[in-house]
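Reader: Please take me through one part of this structure in close detail, going element by element. I would like to see how that part fits in with what surrounds it.

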Amino acid sequence: MPCFTLTSCRLTRAACAGAVLAGLAASVVAQAGPADAGARTNAFNDPFVQVTSGMPQCPVPEGPLYTAAEVREMAHVRAQHGGSCYRAGRCRLPNSYLYDAEIIPRVQHYIQADGRFGDTSVWVLGERRLVTLKGCVRSQAQADALEKAVGLVDDVMGVINLLQVGTRRDAARYPLAAPPPR
């Protein structure tokens, strides 16, 4: 697979960023053989981290995992959606997915430094400048406050709040990670 960089690409910056995503998808698909057809990976490197752990019984969310077929299906859409922000003049970077690696560490620091959320268990996912909150909180007011706080972080375009009050597994509003093998 050719190596794409934003500085060496002769296309427009938005088109080049799309080419980088398409190249990544092609690489993932090429590396997956018939035995790996059902293997799931975070092929797009969407940042996904646990930022608090104050409710140990909280159901663990599944991370951003995709099969090779899903990567193939999503690559074009992600390239189009990612570049549209730049083409419209709303983003300084040529693809909105490029912000996520910077945004999620800032979100993590902001939540941990805030002081109001240490008794929660929260994971954050960054995708196209949208931050998805998954996990458990003590009250709806705490969930609302967390959503508002994350919305204040620079470059965050929006917040998707999938937090649940309490730790009941059947109340989770997000897909759950597979339990660890015994």
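Author: Happily! Helices and strands here are DSSP runs, helices being H or I over at least four residues and strands E over at least two, and both are numbered from the N terminus. This is a predicted model, in which local features need pLDDT of at least 70 and side-chain atom pairs count only at pLDDT 80 or more, while totals for chains, interfaces and linings use all residues. Residues are numbered from 1 along each chain as its sequence is written, and side-chain values use heavy atoms, with hydrogens and water left out.

Let us look at the sheet. Asparagine 161 is a good way in, as it sits in strand β4. With a relative accessibility of 13%, asparagine 161 counts as buried; buried means under 20% relative accessible area, exposed means over 50%, and partly exposed is in between, using a 1.4 Å probe and protein chains only. A polar atom of the asparagine 161 side chain lies 2.9 Å from the backbone nitrogen of leucine 163. Once neighbours within four places in sequence are set aside, asparagine 161 is in contact (heavy atoms within 4.5 Å) with Leu133, Ala143, Asp144, Glu147 and Arg173.

Now for the sheet around that residue. It is an open sheet of four strands in the order β1-β2-β3-β4, and its pairing is mixed. Two strands count as paired if DSSP finds at least two bridges between them. The edges are β1 (48-53) and β4, each of which pairs on one side only. From one strand to the next, the twist averages 15 degrees; the axes behind such angles are lines fitted to C-alpha atoms, and the angles run from 0 to 180 degrees between N-to-C directions. As background, strands of a sheet pair through backbone hydrogen bonds, either parallel or antiparallel.

Walking across from the β1 edge, β1 and β2 run antiparallel and are joined by five bridges. One place to see this is phenylalanine 48, whose bridge partner in β2 is leucine 125. Next, β2 (residues 121-127) pairs with β3 in the antiparallel sense over seven bridges. Here serine 121 has cysteine 136 of β3 as its bridge partner. These two strands form a hairpin with two residues between them, and arginine 128 in the turn has a positive phi of about 60 degrees.

Which strand is largely enclosed by the rest of the structure? That is β3 (residues 130-137): seven of its eight residues are buried, so the strand is largely enclosed.

On the other side, β3 pairs with β4 (residues 158-165) in the parallel sense over eight bridges. Within this pair, lysine 134 stands opposite leucine 162 of β4. To get from β3 to β4, the chain passes through helix α4 (residues 140-151), making a right-handed β-α-β crossover. Right-handed means that, with the strands pointing away from the viewer, the path from the first strand over the helix to the second runs clockwise.

The end of β2 also deserves a visit. Glutamate 127 forms a salt bridge with arginine 78, the closest N and O atoms being 3.4 Å apart; a salt bridge is a side-chain nitrogen of Lys or Arg within 4 Å of a carboxyl oxygen of Asp or Glu. Arginine 78 lies in helix α2 (residues 68-87) and glutamate 127 in strand β2, so the pair ties together parts that are 49 residues apart in sequence. Is each partner buried or exposed? Arginine 78, at 4% relative accessibility, counts as buried, whereas glutamate 127, at 27%, counts as partly exposed. This is one of nine salt bridges in the structure.

Glutamate 127 also leads to aspartate 100, which is found in helix α3 (residues 100-114). At 2% relative accessibility, aspartate 100 counts as buried. Not counting residues up to four places away in sequence, aspartate 100 touches Pro47, Pro105, Gly126, Glu127, Arg128 and Arg129. Among these, arginine 128 is the turn residue with the positive phi. Proline 47 and aspartate 100 are 53 residues apart in sequence, yet their C-alpha atoms are 6.7 Å apart in space.

Terms used:
A polar contact is a pair of N or O atoms within 3.5 Å; within protein, one must be able to donate a hydrogen and the other to accept it, and residues adjacent in sequence count only if both atoms are side-chain atoms.
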